[in-house]
Amino acid sequence: MKKWLTAMLMITVLLIAGCSNDGGTISTENSTLQNVAKNKKLVIGMSPGYFPFDMKDPNGDFVGYDVDTANAIGEWLGVPVEYKQFTFDGLIPALQTGEIDMILAGMTIRGDRALAVSFSNPYYQTGQGIMVPGSNNTTKSWEELDVKGNKIAVGIGTTGALLAKDIFKNAEVMDFEEFPSAATAMVQGQADAVLYDEPAIAVWKLRNGDQVRPIEGLISSENLGIAVKKNDIETILWLNSFLANYIDSPAELASRTKWFETGDWLNEVVDE
């Protein structure tokens with residue numbers, strides 16, 4: 001079934017390319033799909049440390065929900081997947097310079113990012129949450145944290161960082177390279193709270209127990225998408241077709257159950 005559908009999608013790609021050569025408005029020159037076929041591999045940019053989407057195991061191999069999704073994309077394209085690691089704010093520049101073919105790193109679809117890259121349809125819905133030290137058993141909302149002298153830790157370049165700098169008018173927002181370093185800083189007393197994606201906060205709670213306490217409720221709702229170079233319509237159409245078939249498939253449901261509904265894998269990953 002997958003091979004048949006992949007063949008149909010590739011035929012669609014070739015038809016689109018043909019239309020473009022005849023003077024159509026869609027340019028397929030140097031599309032990601034063409035580069036992947038030429039290079040016989042798919043290069044994915046990730047930023048490990050975003051649990052449970054992008055992580056590494058003790059052998060240094062990439063694992064997580066995004067990795068399962070990327071491997072499924074590679075399977076459908078019939079090529080192996082190579083992963084390259086960047087800081088989160090280095091992913092879009094790497095895509096723009098051609099170091100990677102796609103970003104699959106829990107990246108929220110946002111208007112400002114869409115000025116630099118093109119996004120697929122959403123593949124996961126999440127939102128921003130707040131985590132405080134376990135010793136803080138009184139704070140019930142982010143508004144209570146917006147007090148002069150308080151420090152809010154965020155991952156630089158993330159949606160959480162932008163949201164924190166928008167809503168916190170009195171507390172100081174502190175940038176850290178990644179979420180784990182922000183969370184560690186808070187546990188060590190350098191910050192009063194962390195603002196980040198809710199799934200990652202939930203996993204951090206599982207791993208660190210009473211050291212931290214997530215505050216109930218989401219501050220925002222967000223959609224995650226796969227990013228490719230700007231205006232690569234051919235690849236976006238293919239990715240949307242892939243996602244329409246992959247999401248809720250047996251393989252995707254098994255991946256979602258493993259990474260979001262169990263903690264069996266917690267001892268199989270390492271901190272970055």
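This is a short dialogue on reading the features of a predicted model.

Trainee: Where do I start? How many helices and strands does the protein chain have?

Mentor: Start with the overall layout. The protein chain has nine helices and 12 strands. Keep in mind that the model is predicted.

Trainee: What share of the 272 residues counts as buried?

Mentor: Of the 272 residues, 51% count as buried. The accessible surface of the protein chain comes to about 12700 Å². Carbon and sulfur atoms account for 51% of that surface.

Trainee: And the contacts? What part do residues 24 or more positions apart play?

Mentor: Take the contacts with a separation of 6 or more. Residues 24 or more positions apart make up 71% of them.

Trainee: Now the interior. Which residues touch the most other members of the largest nonpolar core?

Mentor: General idea first. In soluble globular proteins, nonpolar side chains tend to be buried together. Here the largest nonpolar core has 54 residues. Ile-73, Met-131 and Phe-179 touch the most other members. Helix 3, residues 65-77, gives the most to this core, with seven residues.

Trainee: Take Ile-73. What is it in contact with, leaving aside neighbours within four places in sequence?

Mentor: Ile-73 is in contact with Leu-42, Met-102, Leu-104, Ile-226, Trp-238, Leu-239 and Phe-242.

Trainee: Gly-74 comes right after. Is Gly-74 buried or exposed?

Mentor: Gly-74 is in helix 3. Its relative accessibility is 1%, so Gly-74 counts as buried; the cut-off is under 20%. Not counting residues up to four places away in sequence, Gly-74 touches Leu-42, Val-79 and Val-81. Leu-42 is also among the contacts of Ile-73. Look at Val-43 too. Val-43 and Gly-74 are 31 residues apart along the chain, and their C-alpha atoms are separated by 9.4 Å.

Trainee: What about a polar residue? Where does Asn-150 sit, and which residues does Asn-150 touch?

Mentor: Asn-150 is in the loop between strand 7 (124-133) and strand 8 (151-155). Its relative accessible area is 18%, so Asn-150 is buried by the under 20% cut-off. Beyond residues up to four places away in sequence, Asn-150 touches Glu-144, Leu-145, Ala-171, Glu-172 and Asp-192.

Trainee: Next, empty space. How many cavities of 30 Å³ or more does the structure hold?

Mentor: Rolling a probe the size of a water molecule over the atoms shows where empty space is left. This structure holds two cavities of 30 Å³ or more. The largest has about 80 Å³ of space. The second largest has about 50 Å³.

Trainee: Which residues line the largest cavity?

Mentor: Among them are Tyr-50, Phe-88, Ala-105, Arg-113, Gln-128, Tyr-196 and Asp-197. Helix 5 (159-167) and strand 10 (193-197) each supply at least two residues of this lining. By class, the lining has four nonpolar, six polar and two charged residues.

Trainee: And what lines the second largest cavity?

Mentor: Its lining includes Ser-47, Pro-48, Asp-54, Glu-178, Phe-179 and Pro-180. Tyr-50, Phe-88, Ala-105 and Tyr-196 line it too, and these four residues also line the largest cavity. By class, this lining has seven nonpolar, two polar and two charged residues. Recall Phe-179 from the core, where it is one of the residues that touch the most other members.

Trainee: Pockets next. How much space lies in the largest pocket?

Mentor: About 220 Å³ of space lies in the largest pocket. It is lined by 13 residues, and the closest to its centre are Asn-35, Gly-98, Glu-99, Ile-100 and Asp-101. Helix 2 (32-39) and helix 4 (91-96) are the elements that give two or more residues to the lining. Helix 2 gives the most, with three residues. By class, the lining has three nonpolar, five polar and five charged residues.

Trainee: Last, the backbone. Which peptide bond is cis?

Mentor: Most residues other than glycine have a negative phi, and most peptide bonds are trans. The bond from Phe-51 to Pro-52 is cis, with omega near -5 degrees. Pro-52 is in the loop between strand 1 (42-46) and strand 2 (55-56).

Trainee: And where is phi positive in Asn-231 and Asp-248 set along the chain?

Mentor: Both sit in loops. Asn-231, with phi near 65 degrees, is found between strand 12 (227-229) and helix 8 (233-246). Asp-248, with phi near 75 degrees, lies between helix 8 and helix 9 (250-261).

Notes. Residues numbered from 1 in each chain as written. Predicted model: local features only at pLDDT ≥ 70, side-chain atom pairs only at ≥ 80, totals over all residues. Heavy atoms only, no water. 1 Å grid on protein atoms, 1.4 Å probe; cavity = no way out; pocket = protein on both sides within 12 Å on 5 of 7 lines; lining within 4 Å. Points joined across faces, edges and corners; volume = space filled by probe spheres on them. Helix = DSSP H or I, 4+ residues; strand = E, 2+ residues; numbered from the N terminus. Nonpolar A, V, L, I, M, F, W, Y, C, P; charged D, E, K, R; others polar. Core = buried A, V, L, I, M, F, W, Y, C linked by side-chain atoms within 4.5 Å. Buried < 20%, exposed > 50% of the residue type's maximum accessible area, 1.4 Å probe, protein only. Contact = heavy atoms within 4.5 Å. Areas by Shrake-Rupley, 256 points an atom, 1.4 Å probe, with all protein chains shown as cover.
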